[in-house]
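Q: I am new to this structure and would like a close look at one part of it, the second largest pocket. Which residues line this pocket, and where do they lie in the chain?

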Amino acid sequence: DVFVLRNAGNTLSHAEGSVVGSLEYCVGHLGAKLLVVLGHTKCGAMMGATQTMLNAQKAAEGGAPAQRTTLDKLLHGLAPVAQQAQAELAPGASAEEIAAHVVKVNVF
C-alpha cells in the first residue's frame, strides 16, 4: 500500500496539522516503516520561495515591505532553503538558477 500526502514545497515549517497528523496516522496507526519525500524540477513553490527571498533582500535594502498573505508565510518558511541555495551558487545567479538549485537543496 502507498499512503500519499502532497503539499506545496514539502514544507512543514509551520507544522501544518493536517500534514503532521496524517504522517502520525500513517506511521502510528498503519505502521509505515518508510517515508519518502520527493521533489520535482520546475517546482512553483521553490520559485515562489526564491522570489520571496529575493524580494525580502530588496526590502531590506529599502524597497517596499513584503506582503504577508498565507501563501507569503508558507513561502517565507522556505526562505532558508532558498538562501542556502543562493549561497552555494556563484554571485549574480538568476532567480531561475537559484530556484532550480533550491529544488535539490530542499529534498537533499
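A: A residue counts as exposed when its relative accessible area is over 50%, as buried when that area is under 20%, and as partly exposed in between. These terms will be needed below for a model that is predicted.

It helps to begin with the chain as a whole, which has five helices and zero strands, so that its elements, read from the N terminus on, run α-α-α-α-α. Along the principal axes, the C-alpha atoms fill a box of roughly 50 × 30 × 15 Å, and 26% of the 108 residues count as buried.

Within this chain, the second largest pocket holds about 160 Å³ of space. Its lining is made up of Thr 41, Lys 42, Cys 43, Gly 44, Met 46, Met 47, Glu 96, Ala 99, Ala 100, Val 103 and Lys 104. Two helices, H2 (44–60) and H5, each supply at least two residues of this lining, and H5 gives the most to it, with five residues. Sorted by class, the lining has six nonpolar, two polar and three charged residues.

Two of the lining residues, Lys 42 and Cys 43, deserve a slower reading. Lys 42 has its place in the loop between H1 and H2, and Cys 43 lies in that loop as well. Lys 42 counts as exposed because its relative accessibility is 83%, whereas Cys 43 counts as buried because its relative accessible area is 11%.

The backbone of Lys 42 also calls for a remark. Most residues other than glycine have a negative phi. Lys 42, although it is not a glycine, has a positive phi of about 55 degrees.

Distances show how the loop is placed with respect to other parts of the chain. Lys 42 and Ala 100 are 58 residues apart in sequence, yet their C-alpha atoms are 6.6 Å apart in space, and both of these residues belong to the lining of the second largest pocket. Cys 43 and Gly 62, by contrast, are separated by 19 residues in sequence and by 29 Å in space, again from C-alpha to C-alpha.

For context, the largest pocket holds about 910 Å³ of space and is lined by 28 residues, among which Val 4, Leu 5, Val 36, Val 37 and Leu 38 lie nearest its centre. Helix H1 (17–29) and helix H5 (95–107) each supply at least two residues of that lining, and H5 also contributes to the lining of the second largest pocket. The lining of the largest pocket divides into 19 nonpolar, seven polar and two charged residues.

One of the residues nearest the centre of the largest pocket, Leu 5, also belongs to a nonpolar patch on the surface, which it forms with Phe 3, Tyr 25 and Leu 30, and which has about 360 Å² of accessible area together. Phe 3 lies in the segment before H1 and, because its relative accessibility is 38%, counts as partly exposed.

Note on methods: Residues numbered from 1 in each chain as written. Predicted model: local features only at pLDDT ≥ 70, side-chain atom pairs only at ≥ 80, totals over all residues. Heavy atoms only, no water. 1 Å grid on protein atoms, 1.4 Å probe; cavity = no way out; pocket = protein on both sides within 12 Å on 5 of 7 lines; lining within 4 Å. Points joined across faces, edges and corners; volume = space filled by probe spheres on them. Helix = DSSP H or I, 4+ residues; strand = E, 2+ residues; numbered from the N terminus. Nonpolar A, V, L, I, M, F, W, Y, C, P; charged D, E, K, R; others polar. Patch = residues over 30% accessible without salt bridge, like charges linked within 9 Å, V, L, I, M, F, W, Y side chains within 5 Å. Areas by Shrake-Rupley, 256 points an atom, 1.4 Å probe, with all protein chains shown as cover. Salt bridge = Lys/Arg side-chain N within 4 Å of Asp/Glu carboxyl O. Buried < 20%, exposed > 50% of the residue type's maximum accessible area, 1.4 Å probe, protein only.
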